[in-house]
Amino acid sequence: MYEIILKSYQPVADNVLPEIESALSDNAVIQWNKANAKKRLGTEELMMLYLGDIDLVLVHWSKIDVVLPKEVKIQAVLKTEGDEPLVLLSLKDLPFDFWSIDQRRNFGKVHIVGFGPGNPDLLTIKAQRLLQEADVIFYDDLIDHSYLDLFKGEKRYVGKRKGQHSTRQDNINELLYQSALAGNNVVRIKGGDPLIFGRGGEEYRYLNQRFIEVEIVPGITSALSAAADGVIPLTCRGVSTSVAFALGHDAMNNKLPQADTLVLYMGAAQQQQWAKRLIKEGWPANVSVAAVRNASLPDQEIRRYTLGQLQNEEDLLPAPCLVIVGHTATQDIKSLGQKWLYTGSDINDYKEVGMVIHNPMIDIYSNKITQCQIDLLYNLNTYDRLIFASPFAVKEFFKALFDQGLDVRHLAGLKISSVGTSTSARLKEFGLNIKPETSENSAEAFLDKMKKDQVKGEKVLIPCSNNRFEILPEGLRLLGNRVKEMCLYENQIPDNAVRHNLDEFTGVVFTSPTTIRHFFEFYGSFPDHLKVVCKGDMAQRLFNELKNGVLVD
């Protein structure tokens, strides 16, 4: 006689034991072992059962607090009571087939299908076949209702709109479950793709936990259709190397992804707010925006703005509307307007008109600090003035300072001078509100200010890079100061610098003499058709010399 030990974690109806016994052979008998009905099946409990003599476990699914290992098999769903299936688990290999009592044999299957952006022509072949085979079709607002009339299955509307919800999501989940429980072949059709802001994952999880066979069929998400309608490359070599899909219903609190192109779903009512926030977050006001309503449909509408225009626009497209933000969202992709190559490290400093391609010609590598420099940091009080000539110098100086366990208090008594607004902005990040000596990012203008202020006879420290330019320290020495340069880092061409086709550009922005040197090293020459913007007199002079073939040491 084959003896099976079954442990039950749930009081069950009188017919359950005979039902289980009916699946066994005549030479098998069940020994019923009842556990505390309040007890739950966790990891420790399951391990004890697995290592013990228990063969089968009968438990409500909601009382299982552990992911079942592959050694534990679900042999049957014996019955369902409300939302809690009663399952029979086997802990050992048994020579019996429980399929005859498994209620899953009567369950239907659910396909969660992406309908695409609305135009039936964009429906996948698999989606169309499943619709033809469906007993019940659940659909929402984004579906072409007339198209569904082509299919024989019962149509059930479960649409939702902001402020007009006809069916709650938890009710939709239960409707799908009950329909499959009744043995129906169910298609849950969803606009776009089920897994992109479609809550398809929630519906899948709900059904899967209740032992309903469920499959997800992808669809064309509205971002792809809107981009195609507006001829908007979501990625474009040299322009947009990343794209992010974001939920747009709350411009104040939703997380803002970091990407070159941003696609906002469900943000029709927040278009102005998004424009204001993006500008506040550092996006240039001249970045293009495309709002696309009813993508892929005959009555589609496309409106284009810049972020600066959109933040003040009152006549906006209503839902369903998708918003694409990025330089490729311009009116004519064949002519993206002026296209500038920006060689500085911080794109937020870009002020020129047109599309900007960020290709930094400068990267910073920290030098190993020497004992002499460490001693210098501990004796800053022997200096009169500390001069920062670039944001990089600020960052590397404070890194060295903090690495020694010191902080800004160690600068007490020092005069601190800043060359340029970007340098002052970086100093502010370290708690120092130092106004730039001049509005220009220019060593010459800084030296003129020092001369005007009669700065002489001072002991001056300048944090700098190894490949520095001598105009600033030499100019200060000529004014009668003793100058010490503290070389903390190197400027190099970035390893990931991209060699763009310069024929496609309007001009190049150089933010420092270093970016100019590196540009000429990298490209070899500067095409005559390009415009040039140089930040600072020294940068302009160096550019002129290199452009004319003069070697500058």
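1. Let me start in the aromatic corner of this predicted model. F519 has 0% relative accessibility, so F519 counts as buried. Its neighbour in the pairing, F520, sits at 12% relative accessibility and therefore counts as buried too, given that the cut-off for buried is under 20%. The rings of F519 and F520 form an edge-to-face pair, with 6.0 Å from centre to centre and 75° between the planes.

2. The pair belongs to a wider group. F510, F519, F520, F522, Y523, F526 and F543 make up one aromatic cluster. If you want to look at it on screen, those are the residues to pick out. Over the protein, the count of aromatic pairs comes to 23.

3. Another pair worth a look is F510 with F543, which is tilted: the centres are 5.9 Å apart and the planes make an angle of 40°. Why does this pair tie together parts that are 33 residues apart in sequence? Because F510 lies in strand β23 (residues 507-510), whereas F543 lies in helix α16 (residues 537-547). Both ends of the pair are covered: F510 counts as buried at 0% relative accessibility, and F543 counts as buried at 5%.

4. Now to the other end of the numbering, and Q10. You'll find Q10 in the loop between β1 (2-8) and α1 (16-21). Is Q10 buried or exposed? Q10 is buried, because its relative accessible area is 16% and the limit is under 20%. Leaving aside residues up to four places away in sequence, Q10 touches L58, H60, K63 and L86. For a sense of span, take Q10 and N548: they are 538 residues apart along the chain, and their C-alpha atoms are separated by 89 Å.

5. That span goes with the overall dimensions. Along the principal axes, the C-alpha atoms fill a box of roughly 110 × 60 × 40 Å. The radius of gyration is 35 Å, while a compact globule of 553 residues would have one near 24 Å. So if you had a compact globule in mind for this chain, the numbers don't match it.

6. G183 is another loop residue, placed between α5 (169-181) and β9 (186-191). With a relative accessible area of 35%, G183 is partly exposed. Its contacts, again without residues up to four places away in sequence, are N106, F107, G108 and D135. R104 is 79 residues from G183 in sequence, yet the two are 9.2 Å apart in space, C-alpha to C-alpha.

7. On the fold as a whole, the secondary structure comes to 16 helices and 24 strands. Which share of the contacts with a separation of 6 or more comes from residues 24 or more positions apart? That share is 65%. As for burial, 49% of the 553 residues count as buried.

8. Last, surface and charge. The accessible surface is about 27,400 Å², and carbon and sulfur atoms hold 49% of that. The protein has 62 positive and 70 negative charges, and the mean positions of the two sets are 5 Å apart.

How values were computed
Residues numbered from 1 in each chain as written. Predicted model: local features only at pLDDT ≥ 70, side-chain atom pairs only at ≥ 80, totals over all residues. Heavy atoms only, no water. Helix = DSSP H or I, 4+ residues; strand = E, 2+ residues; numbered from the N terminus. Rg over C-alpha atoms; globule rule 2.2 N^0.38 Å. Buried < 20%, exposed > 50% of the residue type's maximum accessible area, 1.4 Å probe, protein only. Contact = heavy atoms within 4.5 Å. Areas by Shrake-Rupley, 256 points an atom, 1.4 Å probe, with all protein chains shown as cover. Lys, Arg positive; Asp, Glu negative; His and termini not counted. Charge placed at Lys NZ, Arg CZ, Asp CG, Glu CD. Phe/Tyr/Trp six-rings, centres within 6.5 Å; stacked < 30°, edge-to-face > 60°.
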